[in-house]
Structures are given as structure tokens and as C-alpha cells.
Amino acid sequence: MAEETILSVSDLHIDYYTPEGVIRAVRGASLKLCKGESLCIVGESGSGKSTVGLAIVRALPPNAVVAKGEIVYCGIDILRLSEEEMSKRIRGKEISIVFQDPVAIFNPLFTVGDVLSDVISTHLGIRDRKKVYEHGIRMLKLVELPDPERIMNSYPHELSGGMLQRAAIAVALSANPKLLIADEPTTMLDVTIQAQILDLLKRLRKEFSLSMIFITHNLGVAAEVCDRVVVMYAGTLFEEGSTEDILANPIHPYTRKLIECIPRASRKVLRLKSIPGSLPDLRTHLPGCPFAPRCDYAMDICRSSPPPVYEAGYRHRVLCHLYKK
Amino acid sequence: MPISREYIIKRTVSLVFVVLGVIVITFIITRVIPSRPELLWTGPHATIEQIERARRELHLDKPIYIQLWYYLTDLFMGNWGVSWRTKMPVLPSILGALPATIELVVVAFVIAIAAGVPIGMSAAIRRGTGVDGAVRVFSVVGASTPVFWLALLLQLVFCSWLGLLPAAKRVDEYLVLSTGFRPVTGFYLIDSLIQGNIPIFIDVVRRILLPATVLSLYPMCLSIRMTRALTLEVLNELHVRSSIAWGIPRTRVLYRYVLRNVLAPVIASLGLSFGYTIVGAFMVEIIFVWPGIGYYIAMSLLSYDYPAVIGCVIFVAILYSIINTAVDLVHATIDPRVKL
Amino acid sequence: MNLEEISSTFKLIRSNPLSIAGIVIVATFVIVGLISPYIVPYPADAWGYSYNLETRLVPPSPKHIFGTDEMGRDLFSRVVLGARFSLIIAIGVVSIALAIGIVVGLVAGYMGGSVGMILMRITDMFLAFPPLLLAIAFAATLGRGLINVIISLALSWWPWYARLIYIQVNSVKNLLFVDAARIIGLSTTKIMFRHILPNSLTPVVIQAALDMGSAILEAAGLSFLGIGVPPPIPEWGLLISQGWALINTAWWISLFPGIAIVITVVGFNLLADTFQEIMDPRLRSTMVMRGI
């Protein structure tokens with residue numbers, strides 16, 4: 001069953017230029033997404049997962065630079081497009097994004113309706129204000145927001161985080177994109193709202209046959225929402241596979257540790273588990289595997305050379321020295 | 001974003017207190033600090049009888065709080081003293097000179113914002129390039145330049161040497177007579193347009209151009225600096241990236257969204273530069289013989305005409321407070337986050 | 001500040017030509033101000049006590065680089081000596097205003113309550129005046145004179161510092177280590193000076209650097225209006241106003257003192273910018289750059 005690849009990221013390297021030095025946030029990440037799939041990028045803070053997601057729509061902060069690599073969407077080389085072409089052809093229309101902090105996404109001096117209408121009229125070319133407004137209301141209803149007229153006229157500081165995030169999803173989907181990138185959309189929300197937003201995303205995905213890239217630090221969330229999982233650490237992709245494969249049969253030592261750390265209601269847990277140690281300094285050049293200092297199975301070769309790819313099964317890749325090709 | 005009535009009332013009340021404070025401070029400066037206040041009031045060529053009369057009129061033998069009471073009531077009743085230079089009451093003279101100064105200051109501010117904000121934004125967008133560097137140097141040098149010095153030099157170059165623009169006054173009296181121009185509001189630019197009097201309009205524009213431009217330099221440089229810094233900050237904020245990420249074209253994001261984020265604080269900060277611009281206007285008026293409050297105060301200072309000087313100080317201080325309050329209200333209208 | 005911070009600070013300064021320019025200008029200004037009486041080519045001219053009909057109104061030439069004024073005095077000497085007076089004014093105004101402002105702000109901030117409120121209300125009343133206007137009122141009352149100019153400007157400026165310090169003290173006051181000091185039993189004044197003050201000083205230092213330049217500008221303005229320093233003191237603003245009447249024929253008299261003012265004030269502004277970069281780039285919006 002050949003599935004159609006719509007997005008392919010190859011050997012992506014992204015650097016951030018900060019006063020403290022150049023941070024190499026993404027070091028050679030590669031992944032593939034097929035049509036209709038939802039893929040989760042899972043990793044700790046600082047693993048580079050958000051950076052990869054932002055790079056796909058070229059919404060990186062001004063001090064970020066794509067040093068190397070390729071991003072191809074439906075045959076279009078994303079990184080080669082001009083800004084104008086990005087905005088005209090890709091952003092919002094084909095690929096859209098939802099960000100982490102719902103309050104900061106919206107300009108405090110404009111109402112939600114202002115932004116929503118602007119995006120709608122930009123993409124659908126509709127000038128008729130009434131039609132644009134009605135489309136906006138429809139989108140807000142779609143994300144299950146009560147009283148959409150009020151929301152249209154509200155400023156960001158007047159709405160709760162959960163409502164703003166729903167509105168953001170409405171804006172992101174208003175031009176009917178094919179791929180949605182969700183960058184930790186629930187991290188800053190209450191647990192109860194989290195579940196609602198996740199359900200909403202799942203439902204919308206089905207309704208609009210969206211392909212999705214879901215970025216999170218929470219493996220449990222990944223398990224619930226996504227078909228496939230990619231595990232990232234310190235800018236490197238360690239494991240990529242279907243959710244069932246990875247949860248049932250985690251191969252990479254880091255993935256295994258992550259799964260162990262998920263608190264389970266069934267087991268009697270005396271202590272919450274965590275992985276000892278911390279992220280390496282991303283400003284330095286790491287010759288070997290970045291997880292080596294914290295890995296239980298680290299060998300000498302792990303510290304000196306980067307881990308090779310190991311095909312563990314159908315569309316299940318691992319980067320680790322433990323497994324020889 | 002309607003401003004609530006309570007907010008307006010709150011600000012008005014605070015304004016009243018501020019004005020009272022201003023008056024009290026001037027009272028202290030003019031009556032308490034000098035050892036013989038009546039001498040200041042009568043000027044250097046007064047006779048003994050005039051000095052004695054001044055002592056009585058100023059109620060200087062009475063206790064301080066009675067003096068303050070008379071001071072307050074005099075001010076409120078419009079009795080601001082008589083300028084012994086012009087022999088005319090101070091307050092009407094100030095009010096008569098006011099429109100000229102306001103016209104000059106308003107035009108200067110319009111130039112400052114119209115030039116300053118775009119320049120500041122372009123410098124921010126092109127951060128680190130030669131354009132940015134040139135703009136930053138310009139804004140620092142411009143803000144360090146004494147306005148009276150620049151006025152002198154530009155007047156020398158443009159009026160004396162190049163003969164391009166007239167050097168003095170607001171309007172040519174000959175033209176006024178020959179075209180029958182009659183000022184209504186006191187703002188010659190508006191009046192001449194209302195009356196369809198084009199020759200006067202052109203004349204006024206030619207005469208206001210140089211002084212207003214010189215005056216605008218300082219607020220312009222402040223606007224440039226503020227706009228540039230603010231634009232850099234705003235460009236880093238998530239909502240700019242999100243708007244772009246959702247597909248809104250970059251130019252639109254800049255000129256519709258970022259501009260408003262930047263404009264609100266810039267206008268608020270202009271209230272501060274307004275104080276310096278008013279005093280700058282004084283200097284400019286002297287040099288260009290512009291018949292405004294600055295000219296009046298400068299002439300009064302030269303002749304040691306104390307009542308006129310203090311009258312101007314009080315008037316301008318009150319005006320400044322009112323304008324600051326107005327600017328705050330405007331800012332509250334633009335920025336819905338201000339607590340009302 | 002440990003060694004690493006100091007060396008990275010130097011690197012930051014060295015890499016930025018504007019910072020270097022600022023430091024060089026200010027250093028030159030201070031040095032010239034201090035030694036000018038000894039280096040001017042025509043000392044008698046500089047102080048204003050000479051009168052030489054033969055060399056009246058000479059344009060810039062090898063013997064008189066800036067030309068001479070209507071009394072035959074060498075303008076270059078006068079401008080150079082003027083640096084000393086500008087230095088005196090700048091230091092005098094800023095230090096007095098700082099002294100008053102810090103005390104008022106510190107007391108108001110730490111004491112809080114009604115004492116604090118009253119002090120701040122008084123400060124606000126002073127702040128209601130457009131800045132130079134209050135100085136004009138003081139100067140008109142006190143009369144001309146170098147000391148009077150310094151007093152007038154200082155009295156109209158201390159409220160800014162008081163307010164800055166007050167805001168800083170208020171936010172620092174509730175930090176833990178202050179409570180710790182209080183628990184140990186340090187006296188109130190000791191707490192104020194040893195602990196709160198050093199942390200509150202950053203924006204004040206930056207503002208003071210800016211204000212040194214602004215003091216020169218405003219003093220020049222007052223002198224130009226005729227209520228500043230009296231002749232024959234070669235203060236730059238006064239020199240400009242003296243050259244005003246003759247500007248059409250002897251343009252150099254007004255030109256060069258003005259250039260001196262611009263360069264010096266630019267130096268202080270750049271210096272203040274450098275301080276800001278070093279100490280806290282986030283304070284940008286609260287700083288006030290004055291002018292005239």
C-alpha cells in the first residue's frame with residue numbers, strides 16, 4: 001500500500017544566533033509525512049522539536065538560520081521559495097500552524113475578528129465584508145466556541161487561554177490547509193482544557209482529512225493523538241515509527257526511558273521517575289551521540305561518532321550505535 | 001473602545017490637583033523665595049511709592065496663607081498682573097499670542113511624527129545595515145543640537161544667503177491689507193484656507209516652514225529612536241510571526257499591525273517631548289520673530305518684566321498639564337489594555 | 001563584576017564604534033575642561049578681560065582658528081575655556097539634583113505610607129512643569145550667575161531622579177534579602193544605603209550620563225535667553241547669543257560654540273547608550289533624552 005508522501009524533511013540543520021553564542025538547535029533531522037497521517041514530534045524542552053515545526057512554515061524567529069537541509073512539500077522546495085511566494089502559496093493555504101502560547105499569538109491591540117477576517121480575505125480573496133464575517137463566524141462555530149459574535153469583537157486579554165487557542169485553530173484552518181502544525185498547543189493550558197483541545201483537533205482532523213504534525217513533550221499525549229511518533233533529543237532524531245510500534249517496542253534507550261517516565265495509574269508508584277542528567281550545551285559541536293552522557297548503555301563509540309541509522313521494521317528507524325545495520 | 005466616564009472624571013480631578021500644585025509652586029517661587037518680592041514685581045525703575053503700592057497689592061504684610069488665598073483668587077479671576085513693559089494685562093496678551101505658538105508647535109509635531117515614525121520603522125526593518133547606522137547617527141546628533149543655534153544657522157543660510165524663504169514674522173502685512181485677510185481662529189493656515197485666500201496661505205506656509213522644521217528636529221529624533229527600538233521589540237513578538245505564518249503578507253503585517261503597536265507608545269512618549277518642544281518653540285519664535293508666547297516671554301525676560309514671565313510660566317505649565325492629560329486619554333483610546 | 005564580565009564588557013565596547021566615540025568625546029571634554037586655562041593660546045581673551053580693536057571680527061585664520069569676536073577676543077580660546085564652564089555646570093547640576101533626588105526617592109520609597117505619598121505628590125507637582133520652564137522661573141527669580149544657573153537647573157531636575165529611585169526602591173524593597181537584613185537587625189539607614197541603594201542605581205546612572213549632556217544644552221538655552229551666566233563668562237550658549245547680532249557678517253562667532261555643544265552632548269548621549277547596553281538593555285523605554 002503505497003502512501004503518498006506530502007512532506008519530507010532531510011538533514012535539517014538550524015542555528016540560533018544569541019548574545020551567548022550560536023546555538024545549534026537542530027542537527028541533522030529527517031522525517032517523512034504521508035497524506036492524512038498525524039505525526040508527533042516528541043522531546044524535552046530544548047530538543048529542537050518546535051524549531052523543526054516552525055521551519056516548515058518558515059515562521060522561525062529573526063535570529064534563526066537554516067544552515068543546511070531540505071524541506072519538500074508536495075514537490076515544492078520550501079526553503080527555496082521567496083517570502084512573497086511563501087505567503088501567497090503555502091502559508092495558511094497549504095500549511096498552517098498553531099502556536100504554543102495562545103495569548104501571545106494574537107496582537108493585543110486588535111480583536112480576534114480583525115485577524116480572522118484578515119486571514120480569510122487574504123486567502124480566499126473575498127472582499128465583501130459581510131461574507132468574510134460570516135465565514136469567520138462559521139470557523140469559530142467549528143471550533144466549538146460559544147457566542148462567536150462576541151469572540152469576533154473581543155480583544156485577546158478578554159478571553160481565556162482555552163478560548164484563544166480554539167480561536168487560533170479557527171484562524172489556522174480558515175483557508176482550508178492540508179497540513180496543520182500544532183506546536184505544543186496545550187502545554188500552556190489547564191489539564192481539563194487540554195483534553196478538550198486534543199479532542200477538537202482529532203475531530204477536525206477527521207472532518208477535514210488533515211495531515212498533522214503535533215509537537216509535544218508529553219509522550220502520553222502523543223500516544224492519544226498521533227499515528228506516528230518521532231523522538232527528538234538535543235537536535236537529533238533518535239527514533240521514528242508508528243505509535244503502536246514505539247510504545248510496544250521502543251528500541252532507542254532514550255525512548256525507553258521516556259516511556260518509563262510516564263506515570264501510570266495502574267502501577268503502584270512510589271516515586272516519579274526522571275532521567276538523571278541534563279541536556280548538553282547546544283553551542284558546542286558534539287562529536288558523538290548527544291545522549292551518551294546520560295545513557296545506560298553508552299559505549300566508547302557513542303562518544304566519538306554520530307549514531308548510524310538502523311531500520312528496525314516497516315517505517316521504523318532508530319539512530320543508535322547499539323544496533324548494527 | 002469607548003472610555004468610561006469614570007476614567008475621564010478621574011483624570012480631570014487629578015488634573016485639577018496638578019494645576020493647584022503648579023500654582024502653589026509658582027507661589028513659592030515668586031513670593032517665598034525672594035527676600036523682597038515686590039521689587040521683582042515692579043521692575044528696576046520703580047519709585048518708592050510704586051514699591052509701597054506693590055507691597056500692599058501683593059498683601060506682603062499678611063501671613064502666608066492669606067497671601068496664597070489672594071494669589072489663587074487673583075489667578076482664577078483672570079487678574080494675572082500687568083506687564084509693565086507693555087502696560088497691558090498679562091493674561092489677555094498671553095491668550096492673544098497663544099494661537100501663533102500652537103500653530104507652530106502643531107506643525108512641528110506633524111512633521112516630527114510624519115517623518116520620524118517611517119524613518120524609525122525602516123531603520124528597524126533594516127537593522128544593522130548602513131541605512132540603520134546613518135539613521136541612528138542622525139537621531140543622536142539631531143537630539144544633541146541646540147535648537148536656537150540651528151535656527152540661527154538655517155536662517156542665515158536659507159534666508160540671508162540663499163534668499164529662498166522669508167526670515168521673519170508669520171505673514172506679510174502688505175498681503176494682509178491687499179487681500180483683506182481677517183483671521184478668525186487665529187490659526188492662519190486654517191483661516192486662509194477657510195476664506196479661500198490662497199496668496200496668504202502660500203505666504204504663511206513659506207514662513208512657517210523653516211521654524212517648524214527646526215523645531216521638529218528634536219521630537220523627530222526622539223520619535224525615530226523610540227520607533228526604532230519599539231519596532232525591534234514588536235518584531236520579536238509572537239503575534240507578528242503568527243500573522244505572517246497564517247499567510248498575511250509581510251508588508252500588511254508591518255503597516256497595519258506593527259504600526260499600531262508602535263504608534264501607541266510613541267504618541268504617549270511624545271507628551272514628554274512636548275515640554276521640551278514648547279520651550280524650543282520659544283527659542284525659535286525669538287529668532288524668527290514669530291509673535292507667539294515664546295516671543296512674548298523672551299521680550300519680557302530681556303526687560304526683566306517679571307509679572308509677564310511668571311504669567312507665561314503658569315500658563316504654559318497649566319497648558320502642558322492639560323495636553324498631557326489629553327494625550328493620556330488618546331493613548332487609552334488606542335490601547336485597550338489601559339486600565340480604565 | 002567578576003573578571004569574565006569585565007572582559008566581555010570591554011569586548012562589547014571595543015566592537016562598537018559609537019561606544020568608542022562616546023567615551024573618547026567625553027574623556028576629551030573632561031580633560032579639556034580641566035586643563036583649558038593652561039592650554040588656551042590667548043588666556044586674556046578667553047576669560048574675557050581683554051579688548052583689542054585691531055583684531056576685531058577677524059574671520060577664521062591661522063592666527064585665530066575660530067576667528068575673533070566684536071571685542072577682538074580669540075574665539076578658539078573662549079570656546080576651549082567654555083568647556084570648563086560647561087563641565088562645571090554639568091557636574092554641578094547633576095550632582096545636586098542626584099543628591100536631592102536620591103534622598104527624597106529613597107526615603108519616600110523605603111518609608112512608604114503617608115510620608116512616601118506626600119513626598120511623591122510633591123515630586124509629581126514639580127514634574128507637572130515642562131522641564132526647562134521651571135528652570136526659567138527659578139532663573140528669572142534668582143537673576144543671572146553661574147551658581148544661579150546650576151541651582152535653577154538642579155531644582156527643576158531632582159524630581160526625575162526622585163521618581164526613578166522611588167520606583168526602583170519600591171520594587172527592590174520586597175526582595176528577600178532586604179527582609180533578611182531587617183531580621184538580622186540592621187538599622188534602617190544602613191539597610192537603605194548599603195542594600196537597597198546599590199541595586200536601584202542602574203537607571204539612575206544611565207539617566208545621569210544623559211543629563212550631563214542635557215545640562216549643557218539647557219544652560220546654553222538659559223544663557224541665550226539672557227537669564228543664564230553673565231558675560232564675560234565664555235559659556236557656549238552665551239557665545240552663540242553674542243554672535244547673533246553679527247551673524248550675517250561674522251557667522252563664525254555663533255557657529256563654533258554650537259559645534260562644541262553638539263559634539264559634547266553627542267558624546268554624553270553615546271556614553272549613556274553604552275552604559276545602557278552594558279547594564280541592562282531592557283531599560284530602554286524608561287530613559288529620557290532631553291534637549292533644547
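Buried residues account for 45% of the 325 residues in chain A of this predicted model. Chain A holds twelve helices and twelve strands. The radius of gyration of chain A is 20 Å, close to the 20 Å that the globule rule gives for 325 residues, so chain A is as compact as a globular protein of that length. Along the principal axes, its C-alpha atoms fill a box of roughly 65 × 50 × 50 Å. If you work with contact maps, here is a handy figure for chain A: among contacts with a separation of 6 or more, 62% are between residues 24 or more positions apart.

An unreviewed UniProt entry annotates residues 7-259 of chain A as "domain: ABC transporter". Over that stretch, residues 7-259, chain A is 41% helix and 28% strand. The end C-alpha atoms of the stretch are 27 Å apart.

**A buried strand in chain A**

Let us look at strand S8 (residues 211-216) of chain A. Six of its six residues are buried, so S8(A) is largely enclosed by the rest of the structure. Its side chains can be sorted by direction: A:Ser211, A:Ile213 and A:Ile215 point one way, while A:Met212, A:Phe214 and A:Thr216 point the other way, and all are buried.

Which strands pair with S8(A)? One is strand S3 (residues 38-42) of chain A, which runs parallel to S8(A) and is joined to it by five bridges. Within this pairing, A:Cys40 stands opposite A:Phe214 in S8(A). Another is strand S7 (residues 179-183) of chain A, which also pairs with S8(A) in the parallel sense, over five bridges. Here A:Ile181 stands opposite A:Ile213 in S8(A). S7(A) and S8(A) also belong to a right-handed β-α-β unit, with helix H8 (residues 191-208) of chain A as its helical part.

**How the chains meet**

Two pairs of chains are in contact, and chains B and C share the most contacts. Chains A and C do not touch, and their nearest C-alpha atoms are 11 Å apart.

Where chains A and B meet, 30 residues of chain A are in contact with 22 residues of chain B. On the chain A side, at least two residues each come from helix H2 (83-90), strand S6 (95-98), helix H3 (102-105), helix H4 (112-124) and helix H7 (161-173). H4(A) gives the most, with five residues.

In the contact of chains B and C, chain B contributes 44 residues and chain C contributes 41 residues. The elements of chain B that give two or more residues to this side are helix H1 (5-32), helix H6 (130-143), helix H7 (147-161), helix H10 (198-236), helix H12 (250-287), helix H13 (293-302) and helix H14 (306-334). The largest share, eight residues, comes from H14(B).

What classes of residue make up these two sides? The table sets them out.

| Side | Nonpolar | Polar | Charged |
|---|---|---|---|
| Chain A, touching chain B | 18 residues | seven residues | five residues |
| Chain B, touching chain C | 35 residues | nine residues | no residues |

The side of chain A that touches chain B thus includes five charged residues, whereas the side of chain B that touches chain C has no charged residues.

Methods
Residues numbered from 1 in each chain as written. Chains lettered and ligands numbered in written order. Predicted model: local features only at pLDDT ≥ 70, side-chain atom pairs only at ≥ 80, totals over all residues. Contact = placed C-beta atoms within 7 Å. Helix = DSSP H or I, 4+ residues; strand = E, 2+ residues; numbered from the N terminus. Nonpolar A, V, L, I, M, F, W, Y, C, P; charged D, E, K, R; others polar. UniProt positions renumbered as here; feature names shortened; annotations may be inferred. Rg over C-alpha atoms; globule rule 2.2 N^0.38 Å. Buried ≥ 20, exposed ≤ 12 C-beta atoms within 10 Å, placed from the backbone. Pairing = 2+ DSSP bridges. Right-handed = clockwise from strand over helix to strand, strands pointing away.
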